[in-house]
Amino acid sequence: MKILNRKQNIILSNFSKNSNTTQIRLRLYIPPCYQHQPVISQLISKYSLVVNITRASLGKNTDYRGCFDIQIRGEISQISSGLSYLESLNLKIVGKPNVDGDSWFC
């Protein structure tokens with residue numbers, strides 16, 4: 001495993017030993033000002049990442065703050081660029097070191 005982003009303490013795990021493909025697991029907190037913006041869609045289209053939303057909470061029951069648990073898969077450079085994009089939006093990002101196993105809820 002390798003730490004990709006010390007600020008967020010986001011840890012990469014090897015997805016395939018024969019390639020540069022890696023995956024990380026994150027929890028994103030989306031403030032109301034971004035709820036009508038294609039934040040996650042941009043990770044896919046602009047940074048060519050594979051994004052799997054494993055859990056989401058959005059709407060009136062969350063005080064209009066969204067929370068997404070996502071898995072991101074791609075090359076290290078793609079993931080790094082995608083994280084820089086998310087950080088530029090000043091989103092709260094929490095890394096999860098274990099991509100397999102325990103449950104993680106918003």
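Trainee: How many disulfides does the count come to?

Mentor: The count comes to zero. A disulfide here is a pair of cysteine sulfur atoms within 2.5 Å. Bear in mind that this is a predicted model, where local features need pLDDT of at least 70, side-chain atom pairs count only at pLDDT 80 or more, and totals for chains, interfaces and linings use all residues. Residues are numbered from 1 along each chain as its sequence is written, and side-chain values use heavy atoms, with hydrogens and water left out.

Trainee: Why is Cys33 called exposed?

Mentor: Buried means under 20% relative accessible area, exposed over 50%, and partly exposed in between (1.4 Å probe, protein chains only). Cys33 has a relative accessible area of 56%, so it is exposed.

Trainee: And what makes Cys67 count as buried?

Mentor: Its relative accessibility is 7%, which is under 20%, so Cys67 is buried. Across the chain of 106 residues, 41% count as buried.

Trainee: What makes the Tyr47 and Tyr85 pair tilted?

Mentor: Good one! A search of the whole structure finds one aromatic pair. Tyr47 and Tyr85 form it, at 5.6 Å centre to centre with 35° between the planes. Rings of Phe, Tyr and Trp (its six-membered ring) pair if their centres lie within 6.5 Å; planes under 30 degrees apart count as stacked, over 60 as edge-to-face and the rest as tilted. The angle of 35° is neither under 30 nor over 60, so the pair is tilted.

Trainee: Where do the two rings of the pair sit in the chain?

Mentor: Tyr47 lies in the loop between H1 and strand S4 (50–57), while Tyr85 is in helix H2, 38 residues apart. Helices (H or I, at least four residues) and strands (E, at least two) are DSSP runs, numbered from the N terminus. Tyr47 and Tyr85 are both buried.

Trainee: How do you know that the span of H2 agrees with what is expected?

Mentor: The expected span is 1.5 Å times one less than the number of residues. For the 13 residues of H2 (residues 76–88) that gives 18 Å, and the end C-alpha atoms are 18 Å apart, which agrees.

Trainee: Why are the buried residues of H2 said to line one face?

Mentor: Ile79, Gly82, Leu83, Tyr85 and Leu86 are the buried ones in H2. Seen down the axis, they fall within an arc of 155° (taken from the directions from the helix axis to the C-beta atoms), so they line one face of the helix.
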